[in-house]
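Grab a pencil and work through these exercises with the model open beside you. Try each task before you read its solution.

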Amino acid sequence: MRYKAVVSYDGTRYHGFQSQKNALGIQQVIEKSFRLMTQTEIKIHSAGRTDKGVHAIAQVFHFDSDLNIDTDSWLRINDRLPLDIRVKSVVKVNEDFHARHSSVSKKYKYIIAKEPSSVFDANYEVYIRNLDIEPIKKAIPYFLGTHDYRGFCQLVKGKPTVKTIYSIDLKETKKHYIFTFHGNSFLKYMVRSMMGTLIQIGLHRKKPEIIKEILETKDRHLAGKTAESRGLYLLKIYYK
């Protein structure tokens, strides 16, 4: 039987979602907890990797198991997981469901604080001194639509770099600027590279039109420094 699970996590102390040999990944923590719970080996397959320090509100993974366990019983894995990883739901799905290949779009959000962060908030937002939001608002529309994002990513061999961004919503609250990116899929470091360039524009170190130039030239050197991971959250993954 195949199961689909939704998990949220605080990525602060992990080196990303994927299992790694010399560092702690969230995947290996979940697989170990399944092993302790079921006394069987369960391999999980995520909808996508998140980088070191990136958080998730609703990451998705699938797994196969011969155990016919109801949802409430599967959620007992939370008794064995650390408090910064919580499995929110587990449901049976068709055998052809794949957490990554079946997804049709994803949403990420990035949080910038208006004031210096406290020790309790510092791992979940990024404070940028003297940030001007107005030129950022002018730059955002350049990203919308279908473009080659080679200039806004770390290239991975074999990965197509043409992606579609459906929307970028900017919400301003008393304490934060919250950017929400919705696209069909995202490349490695893509959202952080886009945010890093927007931050440079907000600091008046680059013009809003630089976005258009980078998309046209695909020149990674024109983009801003990749934004810090601690402000980034995988928000939601959509399926047909």
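**Exercise 1: the span of a helix**

Work out whether the length of H4 agrees with its 13 residues at 1.5 Å a residue.

Solution. Keep in mind that you're working with a predicted model.
- Step 1: the expected span is 1.5 Å times one less than the number of residues, so for the 13 residues of H4 you should get 18 Å.
- Step 2: now look at the ends of H4, where the C-alpha atoms are 18 Å apart. The two values agree.
- Step 3: check the surroundings too. In H4, 13 of the 13 residues are buried, so the helix is largely enclosed by the rest of the structure.
- Step 4: step just past the end of H4, and you meet His204, which takes a positive phi of about 60°.

**Exercise 2: the largest pocket**

Describe the largest pocket: what is its volume, and which residues lie nearest its centre?

Solution.
- Step 1: start with the volume, which is about 1100 Å³.
- Step 2: go to the lining, made up of 39 residues. Nearest the centre you'll find Gly48, Arg49, Thr50, Arg100 and Lys159.
- Step 3: see which elements give two or more residues to this lining: strand E2 (44–46), strand E5 (103–113) and helix H4 (190–202). The largest share, four residues, comes from E5.
- Step 4: sort the lining by class, and you get 14 nonpolar, 15 polar and 10 charged residues.

**Exercise 3: pairs of rings**

Classify two aromatic pairs, Tyr9 with Phe17 and Phe34 with Phe61.

Solution.
- Step 1: two things describe a pair of aromatic rings, namely the distance of the centres and the angle of the planes. A search of the whole structure turns up 12 aromatic pairs.
- Step 2: take Tyr9 and Phe17, at 5.8 Å centre to centre with 40° between the planes. An angle over 60 degrees would be edge-to-face and one under 30 stacked, and this pair is tilted.
- Step 3: ask whether these two are buried or exposed. Buried means under 20% relative accessible area; Tyr9 has 4%, so Tyr9 is buried, and Phe17 has 1%, so Phe17 is buried as well.
- Step 4: turn to Phe34 and Phe61, whose ring centres are 6.4 Å apart with planes at 75°, so this pair is edge-to-face. Phe34 belongs to helix H1 (residues 26–38) and Phe61 to strand E3 (residues 55–64), so the pair links distant parts of the chain, 27 residues apart. Both Phe34 and Phe61 are buried.
- Step 5: widen the view. Ring pairs join Phe34 and Phe61 with Tyr3, Phe63 and Trp74 in a cluster.

**Exercise 4: charges over rings**

Find the rings that lie under Lys109 and Lys114.

Solution.
- Step 1: Lys109 lies over the face of Tyr233, 5.2 Å from the ring centre.
- Step 2: the charged end of Lys114 sits over the ring of Tyr177, at 5.0 Å from its centre.
- Step 3: stay with Tyr177 and compare it with Ile133. They are 44 residues apart in sequence and 8.6 Å apart in space, C-alpha to C-alpha.

**Exercise 5: buried or exposed?**

Decide whether Ile133 and Asp72 are buried or exposed.

Solution.
- Step 1: Ile133, in helix H3 (residues 133–139), has 6% relative accessibility, so Ile133 counts as buried.
- Step 2: Asp72, in helix H2 (residues 71–74), has a relative accessible area of 62%, so Asp72 is exposed.

Note on methods
Residues numbered from 1 in each chain as written. Predicted model: local features only at pLDDT ≥ 70, side-chain atom pairs only at ≥ 80, totals over all residues. Heavy atoms only, no water. Phe/Tyr/Trp six-rings, centres within 6.5 Å; stacked < 30°, edge-to-face > 60°. Buried < 20%, exposed > 50% of the residue type's maximum accessible area, 1.4 Å probe, protein only. Lys NZ or Arg CZ within 6 Å of the ring centre and 35° of its normal. 1 Å grid on protein atoms, 1.4 Å probe; cavity = no way out; pocket = protein on both sides within 12 Å on 5 of 7 lines; lining within 4 Å. Points joined across faces, edges and corners; volume = space filled by probe spheres on them. Nonpolar A, V, L, I, M, F, W, Y, C, P; charged D, E, K, R; others polar.
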